[in-house]
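This report walks through one protein chain, beginning with a single side chain and its surroundings and moving outward from there. Please keep the sequence and the model in view while reading.

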Amino acid sequence: MGSGNSPCASCKLLRRRCAKDCIFAPYFPSDDPQKFAIVHKVFGASNVSKMLQELPIHQRADAVSSLVYEANARVRDPVYGCVGAISYLQNQVSELQMQLAVAQAEILCIQMQHEPSVAAAIPNPQQIMEFQEQNNNNNELTHHHHHHHQYLNFAASSSNVIHDSLSRETLFGHDMVS
């Protein structure tokens with residue numbers, strides 16, 4: 001039986017005496033009548049009772065939580081229920097991922113616009129030869145040249161990423177170029 005002498009929410013709604021071994025009492029307390037009312041409306045009391053009886057006791061609370069969630073979703077969206085809610089959230093995630101990709105591409109564009117000052121600092125071949133003659137330190141020169149070569153490779157690959165991202169955006173009807 002529910003708390004004290006009060007019948008559980010299901011027995012109260014169904015206007016019957018709440019037995020000591022009532023299968024609904026542990027999961028549908030009298031102080032939350034709406035919880036059972038919505039489950040009853042969508043699934044029916046006898047179906048809920050059968051489902052609970054077929055489950056081990058340790059799984060029943062989770063099953064009731066799922067039934068309540070599914071019943072609420074079905075009332076909000078009678079055609080799609082939970083599937084409609086899941087589909088809506090998946091679409092929202094996809095849209096947010098697209099917005100994130102656009103923002104990351106814009107950040108790369110801005111960074112690349114500010115990087116020419118670094119690219120201008122890369123010595124041209126004549127400057128490298130003069131430097132080589134002055135210092136005769138091949139190891140340092142090779143390291144210095146290799147570092148800039150890596151930067152140029154990064155810059156080229158970054159611009160490809162930006163270009164690819166821009167191409168994908170125009171396919172989806174978004175105009176990234178302001």
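## Surroundings of F28

In this predicted model, F28 is in contact with C8, A9, S10, K35, F36, V39, V48, V64 and V68, once its neighbours within four places in sequence are left aside. Two of these partners, F36 and V39, are buried residues of helix α2, and F28 also belongs to the largest nonpolar core of the chain.

## The nonpolar core

The largest nonpolar core holds 20 residues, and those that touch the most other members are C8, C22, F24, F28, V39, V48 and L52. Helices α1, α2, α3 and α4 are the elements that each give two or more residues to this core, and among the contributors α4 gives the most, with 4 residues. In soluble globular proteins, nonpolar side chains tend to be buried together.

## Helix α2 and its two sides

Helix α2 spans residues 33-43, and within this helix F36, I38 and V39 are buried. These three residues cover an arc of only 165° around the axis, and therefore they lie on the same side of α2. Q34 and K41, by contrast, are exposed on the other side of α2.

Which helices do the buried residues of α2 pack against? They pack against α1 (9-14), α3 (45-54) and α4 (57-76), and these partners also appear among the elements that give two or more residues to the core. After α2 comes G44, a residue whose phi is positive, near 85°.

## A nonpolar patch on the surface

Not every nonpolar side chain is covered: V79, Y80 and V83 form a nonpolar patch on the surface, and together they have about 340 Å² of accessible area. Of these residues, V83 lies in helix α5, which covers residues 81-114. V83 counts as exposed because its relative accessibility is 56%, whereas the cut-off for an exposed residue is over 50%.

## The chain as a whole

The chain has 8 helices and 0 strands, so that, from the N terminus on, its elements run α-α-α-α-α-α-α-α. Of its 178 residues, 25% count as buried, and its accessible surface comes to about 12,800 Å², of which 55% belongs to carbon and sulfur atoms.

Among contacts between residues at least 6 apart in sequence, 50% join residues that are at least 24 apart.

Terms used: Residues are numbered from 1 along each chain as its sequence is written. This is a predicted model: local features need pLDDT of at least 70, side-chain atom pairs count only at pLDDT 80 or more; totals for chains, interfaces and linings use all residues. Side-chain values use heavy atoms; hydrogens and water are left out. Buried means under 20% relative accessible area, exposed over 50%, partly exposed in between (1.4 Å probe, protein chains only). Contact means heavy atoms within 4.5 Å. Accessible areas come from the Shrake-Rupley method with a 1.4 Å probe; for residues, only the protein chains shown count as cover. The arc is that of the directions from the helix axis to the C-beta atoms. A nonpolar core is a set of buried Ala, Val, Leu, Ile, Met, Phe, Trp, Tyr and Cys residues joined through side-chain atoms within 4.5 Å. Patches are made of residues with over 30% relative accessible area and no salt bridge: like charges are joined within 9 Å, nonpolar side chains (Val, Leu, Ile, Met, Phe, Trp, Tyr) within 5 Å. A salt bridge is a side-chain nitrogen of Lys or Arg within 4 Å of a carboxyl oxygen of Asp or Glu.
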